[in-house]
Structure formats: C-alpha cells, structure tokens
Amino acid sequence: MIRFSWLQFRAQAVAALGALAIVAVALAVTGPHLNHLYDTSGVATCHARGDCASVATTFLNQVPADQILYYLGIAVLLAAPPVIGMFWGAPLVTRELETGTVRLAWTQGVTRTRWLAVKVAVTGLAAMVTAGLLSLMLTWWSGPVDTAAALKTGYSISFIRIGPVLFGARDIMPVGYAAFAFALGVTAGVLIRRTVPAIAATLVVFAAVAIAWPLLIRPLLIAPVHAIVALTPASISTSLAAGPGGSEIVMPVASAVPPGSWVLSTRTLDSTGHAFNAATVPACQGSSPSQALACQATLGRLHLRDLISYQPASSFWPLQWYETAIFLGLAALLAGLCLWRIRRQAS
Amino acid sequence: MIEFALDEGSGVATYLQLAQQVRQALRLGMLEPGERLPTAQQVVARLAINPNTVLKAYRELEREGLVRARPGQGTFVLRALPGTDPAVQARFLASMTGWLRSARAAGLGPDDVEAIYHTAFRDCFAEGVA
Amino acid sequence: MSTVIETRGLGKKYGRRWALRDCTLAIPAGQVVGLVGPNGAGKSTLLHLAVGLRTPTLGVITVFGGRPADSPAQLGRAGFVAQDTPVYARLSVADHLRMGAWLNPDWDGELAARRIERLGLDPHQRAGSLSGGQRAQLALTLAIAKRPGLLILDEPVASLDPLARREFLQDLMEIVAEHEVSVVLSSHLIADLERVCDYLVVLIASQVQLAGEVSELLAEHRRLSGPRRDPGRLPASQEIVEETHTDKQSLLLIRTSEPILDPAWAVTPVSVEDLVLAYMRRAGSAGGARRPGLEVVS
C-alpha cells in the first residue's frame, strides 16, 4: 500500500518538486549577492555605532528586486499549507469517491482503514517535507531582509519574527501548519465526500484558525512578560494611542520593551492603579500641535504608569516548538477521526 | 476437432444440443474412436455458455457409453455409433445432394424443401425423434 | 453442497427507502449465479453488501462463512468487478497490475500478465483511454488474478456493445472452466444470463421473488393454455404466477412440482426470459393492486 500510495501521488509529487526547484533556483541565484551586500552594509555592527535605521534603509534600497522576492516568499510560505490542504488533502478521498475507484480500492486485499492510514501517512509526510524544504530555503534567504526591515521600521510588528505576520512563515511553523491543513482537508473530504465543497470547507476553516490563532491563542501559550513604565513629564510622547475598549492610552517616547518583542497589550494606569483613559482629560481633546503640548504637560503631572505585557524575542523558538507540536497533535487527532469514520463510510 | 454451434431459439436444452452434435459427428464419421473432444474450456471460450453445461453433455454421452472421461487428460471417444457404415452414408449423402439440386432447379425454395422433408420424415419415423 | 453467500433477513435502507428487504438466500458454490431484475431493484445493493462496500441495516450476510471485507484474508476470497468498471484513469494498465500485486497477498502475476498479453492490451496505455470492453477485461483480470474463490460482477456488460459483451462472457466462462471459481453476476439483460447461469436469483422491487437452480426452475414452471375458465379450480399445489384471459381463452403460467393431469390444458415449457418477465409483471401489478384495494371503502 505504501508503494501504491506513492504511485497515486506521482503527479502531485512532480508538481511539488517543480515548485521547489523554481524556488531553489531563484534563491540560489539571488542569495549570495544579497548576503554579500548585507555583510558589507554594516547592519550587523550597527548597534555599536547607533546608526541602525539608516544603514538598514541604505541596504534595503540597494535590493529592490529582492524585496519583491521577499514578499513573495512570505506569501508562498503562508499560502503553501492551505494550498496543500485544499489540493492534496481534500481530494485524497473525494476523488476516489467521485470517480468510483473506491469500489476498486476497497475490494483488493487491504482493509479500508489501512488504505486510508497509509495514504494519509505518505501524502501527509510529503506535505510536511515540502513545507519544511520551502521554509528552510526561504528562512535562510530572508534572514538579512528580516533583520534590516525590523531595524528600518523600528521593530514594527509586521517585521519582527515573533510577530503575527512572520511567525507562521519562518522556520518550523509551516511544517505544523501544513500537517494541520492537510489533515483538515482529508477530514473535510471524508465528511463531505465531494471535492469542491471539501476544498472550500478546508480553506474557510484553515483561514479562520490561521487568523484567530495569533490573536486569541498564541498569546496564552507562554506567560507574557509584564513591564511597568513610569510616565514622567519628560518621557510622555505627544500623541495618544488607541487603547482597550475605545479608550486612549498614553505612550512613552522611547520604547519600553526589548527590541524585537511582540507587544500584546498596553494599559495606562493612574496613581491609584486604576485604568486611565486619556480621552477623559479636557486638555487632550482636539488635535492641534499647541493643544498636544498642553495635553502632554497635563498628563505629566498625574503620575501615570504604563502596564505593558509582551513576548520577548527570546520566546520565538519555544513558541515555534509549542505551536508546531499543537498543530501536529491536531493533525493526528483529525487523522484518527478520519480513520474511525472511514470504516462506516458508504461507498 | 469438432466445432459446436448453438440454436438458442429451439427450446432444446443446451446440453442436449451439444450431445446430439457429438452423436451426429460420430454418425458422419467426423469423430473417430480415440479422438479427444474439446475441453469445456475450449467450448465455452467460443460459445460463452456455462462450463457445467458442457460437462453435463459429456456425462450424458459417457452414460451412453460413447465417450470416456480420463481425469487430467480429457474426454475421449470410445466407439462409433452402431449402424454407421461410412460407405452407406456416403451413398445416401450423394443421392440426397442430387435430389436437393433437382428440387432447387425445379424452383423449390428452402421452406418448401423443409416442409417436404418433415412430412416424409414424420411418416417414416413415426416416433418423431428431434 | 457448500454455500458461498448466505443471507438471513438482509435489509438495507438509504434514508427512508428500503433498497433491499427480507433477503434470505443460500447461494451454492461452484456455479454461475445470475442476479436478475429491473434497474433499481436492489441488485447492486446486494452485491455491494456481499463485498463489504456497504453494511447491512438489518440481517446478516456471510461470504464463505465470514463477514465481508472484515480482514485481508476475507477480502482475498472474493474478487469484485463494479458497475462501469472503475479504473484509475491516469494510471497505466501495468500500474494497475502493480497495484494488484502490492495490495493482494495471493496475487498470481503470471496469470495477470498472460491474460493482458492474450487480450492484446498495451501495458503502458493509460487506463482512461481504454475502450469499455478493454476496461471490463482489465477489471476482470484484476479480480481473477488475486485467485479468489468467488467472483462478483455488477452489470459488467451493461454498457458494452454486443461484440464486446459476447467476448467478455466467453472470457468469463473460460475463466470459470479453468479456475473452478464460483461466479455471481448481475444483469438486467436476461438473454445473456440464460446462456451462462445455472442458478438464478430474481430480485424485483427490493425483494427476492425467485431463487433456484435454472434446471429446477424450468422444470417447475409450465405454461398452460386452454378454453376460458376460472383458475380457482386448479389444485392447491399449483401456484399461479401469471394469468391472462381473453373472452375465449385462458393462459396461465404456473409453478408446480406435480404433473398436469387435466387434459383440457395444453402444456408447454417456459424459457428463462419468459419466466423472469412473468415474475416482473406480477411484482409490478402487486404494487399497483394494493392501491385500489385501499381506496375501496364504501
């Protein structure tokens, strides 16, 4: 059954190899040059000199084409798992149900359970390897641009590796996502039994999970670090920021968290420890520059503090391992559900 | 090797038709003692009938003492049918052929010939053997 | 004689409709069994239950004494050719043989290769581009090369042209002669079954109407014709299957194990096709007659 699963997977394997080859060639052609420019740009040593933002910007301006590849790479890595789920996972069973070949496959010498188990194992493994190789190549290649972009944008949440955009597209996370999306596709196929609806269901469910997860679950996986920042008259910034529940919070001028951290929440507290809403301060209504200065002066006298909870950059690898394990576990659960269900499946 | 044919519309059971064709072949000298009958496999490959039917026909012939089945080797003709003298057969075959040619020349068609034949046959062999 | 397929009270329901009901059969080994009936009568359902593609709603079915598709050993005992002979369109003929070898423990590769060569199939041709007759031959090869004791075929010739049909049946009968395998074959074309079957199961409106050896069934059924009369005067041991009356004549098809003694009847034998058609008409009118019966409340 292992050999037969490979035989059936042949065409898709060729497509995957082709895609991997194209990516590999594109990266191999541009990678060395990119690395060379990075090495000579001085970004690696910029912290000592304090000119990170400017050398990073200079470096990035030298590689406009590579920037396009960079964004494509992120898109490819984020799209690969659901595509695998939709086109390798969902049709795994539905194609055979729709063409009637299950009536051939289930009357050979292997039970249905073994048939599905081996197909899922072989194709699932291929899915994980494909995602893994893609991620390996793109993570290596993107390293310099990741660093430079984070520096240029002052560690904007979009360009830090632990942030919600890059996290799923780096290192081992795509492998976990691919396994999960694949298992989701197979499950949709087994339950829905028709290819097109199963593909749609896989996409919808995966997208919902992928969007909700970083917002709702990832922040809870590791206990965040809490920092308390005293807001002195000198350290308050002139502009307010949006806070929880539509309130406005007061931000410090300099960032209070280590570079590369993922800020989960910021709350402003007054001197008694209660939540403070800057929108309630009359001096802070309105937006002209002179009003902003008056607002800043008013707030400075109130002994405010910011309570920031964040994940430092050092949580990146523990989070990667935890999440990948969770998604692999979910994939295994879904696979088990399919195996149980296929025994009662009508043909 | 004898070739069987099937008359599906005749209402006669298949195995009986096969047995009868073997008997006719014996009478006409087309099968001789010691010759092997086609295997069931060979017969059904041409006729698309159940092999058990062929075996039933051969068993019927074996019961009549005309053939004998040797396990692993096939079914063999034991003896010719009594009363068949090839010379006599040939003589009547020739005279029948001549009669048919004259009938045809006189304008009789196949249906006419058959009607004449069946009427004369019934009168002669009153028991009506098929 | 041993049985290959046994069912007791077998029933299968899809949603609210019973596809098969009260099916109790003991199909003997060593024969070619024909399963005949109109489309939608439940033939495919019964065969799918026999190979484990479906599970019963009610009742029991065993094949060689075991539950269908329960284990690799049980799967190896029966070979199946499904309706419209599904094949993997993008895989070649040779790929299908490889599949057979990999997925079946008792695979006879030589037999498979010999058959493919004799049938003139190109091993490298994609199965999707084979003709209907060639696909049926490939499916039959896959089924027989696993050396089963039973071959089950679901309408294998329904979509073939007459020549391909004849060739398929010739081939199938040759296989039966060579390998002594039992066969259960379903069709709605009675004439084909008449040639090849020695046991018949008639399935109409989801129920078994008739089952038995063909020779016995033909011996038990008679067509009677005679002057118009009330058939109620027939002895009880003679069951009327079908009766038609004109103003002068009565025609009956009866089932009996005793000779017809009444000299007023002209007795003629019945062909398999006439027999099946009569039972089909009977089943059809039984369904219709019920409805007027309900309406007669005055």
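## Helices packed on the sheet of chain C

In this predicted model, helix α1 of chain C, which spans residues 43-50, lies across four strands of chain C, namely β3, β6 (150-154), β7 (182-187) and β8. Relative to β6(C), the direction of helix α1 of chain C is turned by about 145°. Another helix, α5 of chain C, is formed by residues 132-144 and lies across β5 and β6 of chain C, where it runs at about 170° to β5(C). Strand β6 of chain C is thus crossed by α1 of chain C and by α5 of chain C.

## The sheet itself

The strands of chain C form an open sheet of six, and reading across this sheet gives the order β5-β6-β7-β3-β8-β9, with mixed pairing. Because β5 (78-81) and β9 (207-213) of chain C stand at the edges and each have a single partner strand, one side of each is left without a neighbour in the sheet. On average, and with direction ignored, neighbouring strands of this sheet are turned by 15° against each other.

How many bridges join strand β3 of chain C to β8(C)? There are four, and the two strands, of which β3 of chain C covers residues 32-36, run parallel. As an example of a pairing that can be looked up in the structure, Val33(C) has Tyr199(C) in β8(C) as its bridge partner.

## Domains of chains B and C

Chain C is divided into domain 1, residues 3-204, and domain 2, residues 221-295, and the C-alpha centres of these two domains of chain C lie 35 Å apart. Their contact takes eight residues from domain 1 of chain C and six residues from domain 2 of chain C. On the domain 1 side of this contact in chain C, α7 (190-196) and β8 (199-204) each supply at least two residues. By class, that side of domain 1 of chain C has seven nonpolar residues, one charged residue and no polar ones.

Chain B also has a domain assignment, which gives domain 1 (8-77) and domain 2 (86-124), and here the C-alpha centres of the two domains of chain B lie 28 Å apart.

## Where chain A meets chain C

The contact between chain A and chain C takes 18 residues from chain A and 25 residues from chain C. Which helix of chain A gives the most to the side that touches chain C? That helix is α1(A), with four residues, while both α1 (2-41) and α5 (102-105) of chain A supply at least two residues each. By class, the side of chain A that touches chain C has eight nonpolar, eight polar and two charged residues.

Definitions and conventions:
Residues numbered from 1 in each chain as written. Chains lettered and ligands numbered in written order. Predicted model: local features only at pLDDT ≥ 70, side-chain atom pairs only at ≥ 80, totals over all residues. Domains from an automatic or database assignment. Contact = placed C-beta atoms within 7 Å. Nonpolar A, V, L, I, M, F, W, Y, C, P; charged D, E, K, R; others polar. Pairing = 2+ DSSP bridges. Axes fitted to C-alpha atoms, helices over the stretch in contact; angles between N-to-C directions.
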